[in-house]
Amino acid sequence: MAAEWRPVRQSRTHELVLERIEEQVVAGELKAGDRLPPERELAPVLGVSRSALREALRVLETIGVLVAHAGRGPDAGARIVRNPDDALGRLLRLHVALGSYNLHDVLEARVVLERSSFEAAATHASAEDLAEAEETLRRMQEPDVTVPEFNDLDTSFHVQIARSSGNQLTSTLTSAVRESVRPLILEALEAAEDWPATAAALNAEHTALLTLVREGNGPAAADLAEQHIRGFHGTLVPDTDPSPSGD
């Protein structure tokens, strides 16, 4: 069914454009993969300026539901997509930095999510999933890996396990929470007094986690995942971490 477009009210125009597009998505008239009409056609149909339409499209790109390509050709224009991981990670990282959520809350959320991920992965992970995670661990153990590379690979490993759990929402939330503390974990890794020893200890825990998943021992994998997260991520949490003030 072709989406039906109606003019929008002029106050806060770009927000009203967002509301109209959201209505089309919720109604099922716009789906992932669908293309929006060209700006020169859609703006007058909605009764807004092209600048207001572009502002709305930029917001949709930021939240991971639209991708826009300039120019001509089959890939040009704006297309509805499903890409929540990067968008949620960026959003949550900013709110953690602003103090909207304290580090203790982030830690506890991560523990809940990853316990679930590792336990489910022990049942649902495919041979391909396990091979991908094993390759990530191999790269983490290379002697010339840099601290930033190690941190990126560490994030990838945890996200790969979450994706192999069979629960897409858990995967997305795990990715967002881990991404939100990526800069803080990187700082902690770079400040380690003995980086080789720190890397070796983390690699040993990752290897043990993957072994438990491969063996199908979900409860033990969940317990070790919590121990692993509290052991390092826990060092980022102050003894007294006040709740956000709301300022």
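Helices here are DSSP runs of H or I with at least four residues, strands are DSSP runs of E with at least two, and both are numbered from the N terminus. With that in hand, welcome to a short tour of this predicted model.

**The whole chain combines 11 helices with two strands.** Before zooming in, it helps to see the overall layout. Starting at the N terminus, the elements follow the order α-α-α-β-β-α-α-α-α-α-α-α-α. The chain has 247 residues, and 40% of them count as buried. Among contacts with a separation of 6 or more, 68% join residues that are 24 or more positions apart.

**Close-up of the packing between helix α8 and helix α9.** A pair of packed helices is described by the angle between their axes and the distance between those axes. Helix α8 covers residues 168-180 and helix α9 covers residues 182-190; their axes lie 5 Å apart, at an angle of about 50 degrees. An angle of this kind falls outside the ranges for roughly parallel, roughly antiparallel and roughly perpendicular, and α8 and α9 are therefore oblique to each other. On the α8 side, look for R178, E179 and S180, which meet R182, P183 and I185 of α9. Sorted by class, the contact of α8 with α9 has three charged, two nonpolar and one polar residue.

**Close-up of T172, a residue of helix α8.** Is T172 buried or exposed? T172 is buried, because its relative accessible area is 4%, and the cut-off for buried is under 20%. Setting aside neighbours within four places in sequence, the contacts of T172 are P84, D85 and L88.

**Close-up of S175, also found in helix α8.** S175 has a relative accessible area of 11%, so S175 is buried. Not counting residues up to four places away in sequence, S175 touches D85 and V159. D85 may look familiar, since T172 is in contact with D85 too. Now find H158: S175 and H158 are 17 residues apart along the chain, and their C-alpha atoms are separated by 7.8 Å.

**Close-up of H158, found in helix α7.** With a relative accessible area of 1%, H158 is buried. Which residues does H158 contact, leaving aside neighbours within four places in sequence? They are R110, E114, F118, T174, H206 and H228. R178, which takes part in the contact of α8 with α9, also belongs in this view: the C-alpha atoms of H158 and R178 are separated by 8.1 Å, with their positions 20 residues apart along the chain counted as the distance apart.

**Close-up of the largest cavity, with a volume of about 70 Å³.** How many cavities of 30 Å³ or more does the structure hold? The structure holds one. Lining the largest cavity are R110, D154, H158, R178, I185, L202, H228, I229, F232 and H233. Helices α7 (147-163) and α11 (218-232) each supply at least two residues of this lining. The greatest share comes from α11, which gives three residues. By class, the lining has four nonpolar, three polar and three charged residues. Several of these names have come up already: R178 and I185 take part in the contact of α8 with α9, while R110 and H228 are in contact with H158.

**Close-up of S164, in the loop between α7 and α8.** S164 counts as buried because its relative accessibility is 5%, where buried means under 20%. Beyond residues up to four places away in sequence, S164 touches A121, H124, A125 and D129. L130 is also worth finding here: S164 and L130 are 34 residues apart along the chain, with their C-alpha atoms separated by 8.4 Å.

**Close-up of the second largest pocket, which holds about 260 Å³ of space.** The lining of this pocket comprises 17 residues, and those nearest its centre are V25, V65, I80, V81 and R82. Helices α1 (13-26) and α4 (84-98) are the elements that give two or more residues to this lining. By class, the lining of the second largest pocket has 12 nonpolar, two polar and three charged residues.

Terms used
Residues are numbered from 1 along each chain as its sequence is written. This is a predicted model: local features need pLDDT of at least 70, side-chain atom pairs count only at pLDDT 80 or more; totals for chains, interfaces and linings use all residues. Side-chain values use heavy atoms; hydrogens and water are left out. Axes are lines fitted to C-alpha atoms, for helices over the stretch in contact, and angles run from 0 to 180 degrees between N-to-C directions. Angles under 35 degrees count as roughly parallel, over 145 as roughly antiparallel, 65 to 115 as roughly perpendicular and the rest as oblique. Contact means heavy atoms within 4.5 Å. Ala, Val, Leu, Ile, Met, Phe, Trp, Tyr, Cys and Pro count as nonpolar, Asp, Glu, Lys and Arg as charged, and the others, Gly among them, as polar. Buried means under 20% relative accessible area, exposed over 50%, partly exposed in between (1.4 Å probe, protein chains only). On a 1 Å grid over the protein atoms alone, a cavity is a set of points where a 1.4 Å probe fits but cannot get out, and a pocket is an open set with protein on both sides within 12 Å along at least five of seven lines; lining residues have an atom within 4 Å of a point. Grid points are joined across faces, edges and corners, and a volume is the space filled by probe spheres set on the points.
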